[in-house]
Amino acid sequence: MKAHDIANGILRATGIMIGVVLLLLFLYEIQSVLVYIAVAAVIALIGRPAVIFLRQRLRLPNQIAVVIVLLLFLSVFVGLIFLFVPIIIEQSRNLGQIDIEAFKSDINDLNDQINNYLGVEEINVLQAFRRSEFVRNFDLSLIPKFLNNVFGILGAALIAIFSVLFISFFFLKDSKLMLHSILVFANHGEEDKFQRVFNKIKILLSRYFVGLTLQILVLFILYIILLSIFEINNPIAIAFICAILNLVPYLGPLAAGILMALFVISSFLGADFSTVILPRVVYVMLGYSICQLIDNFISQPMIFGASVRSHPLEIFLIILIAGLLFGVVGMVVAVPFYTALKVIAKESLSEYKIVKRLTRNL
């Protein structure tokens, strides 16, 4: 090999490396836009069956069907805001009317009752809180900065909502828009393979996200019934928060259970621990466990079996690995990402035995 060819190879490799680094830096700088596109794609996948229904069954024009579906999404979002804002305002008003001395007394009484019930050495919660590093190092100058951050977040949220709706409209209006965007990466003559892979992924992920939405809705209804039976304050808001936490596999239900127990305790703060608070917590946690059993043995098998067509053990291992590598975000996106990889592998690496085994149901 001539020195000229070696030099050209080194220059070419260096240029490719520089190009990759610049591309990664560019993607990092526009990460918010990529998030908007990803959210819009999820909305398009969820709304796709509804658009098809309105277009084929009700004979509505495509654009009107898309607008109706987006209005439904927007109505749900606005409904959630109207659900939580009054609760936040009410709680803020209640906090302003709290008798601090009575609140301290209730906390200390609850602390004493728990210590006596469990037979442990007395621990003063208020004193421990005062001695904490957070209280001793708290800086009042952080309050204006916090308010500025809040207004900044509100502005960014409005931009995000508009951007997601705008992108979602075109994704839903033109079902081939995403396909055409991806086809630019296909080699000449491989367009049919890319289109086949894309359509398969779109169908599977659409079923998955629709099923996931139904799963959250079922849990939301079950939680509302459970919390209403035991007269817990703000059952709708608590049920929604706990249902949304279930989007994070395995860790989400655990966090939701702890949060629900804390809300139960706060709803009966000042009551007797052994006769009122503890029985309510036990009953609510028992009901919560039943809801989780319904979700684990009915809802999830239907979603994973019918949509992504993967074995439960396979899904568990993928979520576990993604969680170890990428944390909570990895656990959330593990299933759809793995599903897309399986479809791509079936089309490109079908000659391998392990690929045939993993993709036999696709």
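A residue counts as buried when its relative accessible area is under 20%. In this predicted model, A345 has a relative accessible area of 18%, so A345 is buried. The residue is found in helix α13, which covers residues 312-348. V197 is 148 residues away from A345 in sequence, yet the C-alpha atoms of the two are 9.6 Å apart in space.

The UniProt record, an unreviewed entry, lists several stretches under "transmembrane region": residues 9-28, 34-54, 66-89, 150-172, 208-230, 236-269, 281-303 and 315-341. Two of these stretches can be followed in the coordinates. Residues 208-230 are 96% helix and 0% strand, and 33 Å separates the C-alpha atoms at the two ends of that span. Residues 315-341 are 100% helix, again with 0% strand. For residues 315-341 the end C-alpha atoms lie 13 Å apart.

At the other end of the numbering, attention turns to the surface. I16, V20, L23, L24, F26, L27, V33, L34 and I37 form a nonpolar patch there. Together these residues have about 770 Å² of accessible area. Two helices, α1 (3-29) and α2 (31-56), each supply at least two residues of the patch. Helix α1 gives the largest share, with six residues. F26, one of the patch residues, has its place in helix α1.

Conventions. Residues numbered from 1 in each chain as written. Predicted model: local features only at pLDDT ≥ 70, side-chain atom pairs only at ≥ 80, totals over all residues. Heavy atoms only, no water. Helix = DSSP H or I, 4+ residues; strand = E, 2+ residues; numbered from the N terminus. Buried < 20%, exposed > 50% of the residue type's maximum accessible area, 1.4 Å probe, protein only. UniProt positions renumbered as here; feature names shortened; annotations may be inferred. Patch = residues over 30% accessible without salt bridge, like charges linked within 9 Å, V, L, I, M, F, W, Y side chains within 5 Å. Areas by Shrake-Rupley, 256 points an atom, 1.4 Å probe, with all protein chains shown as cover. Salt bridge = Lys/Arg side-chain N within 4 Å of Asp/Glu carboxyl O.
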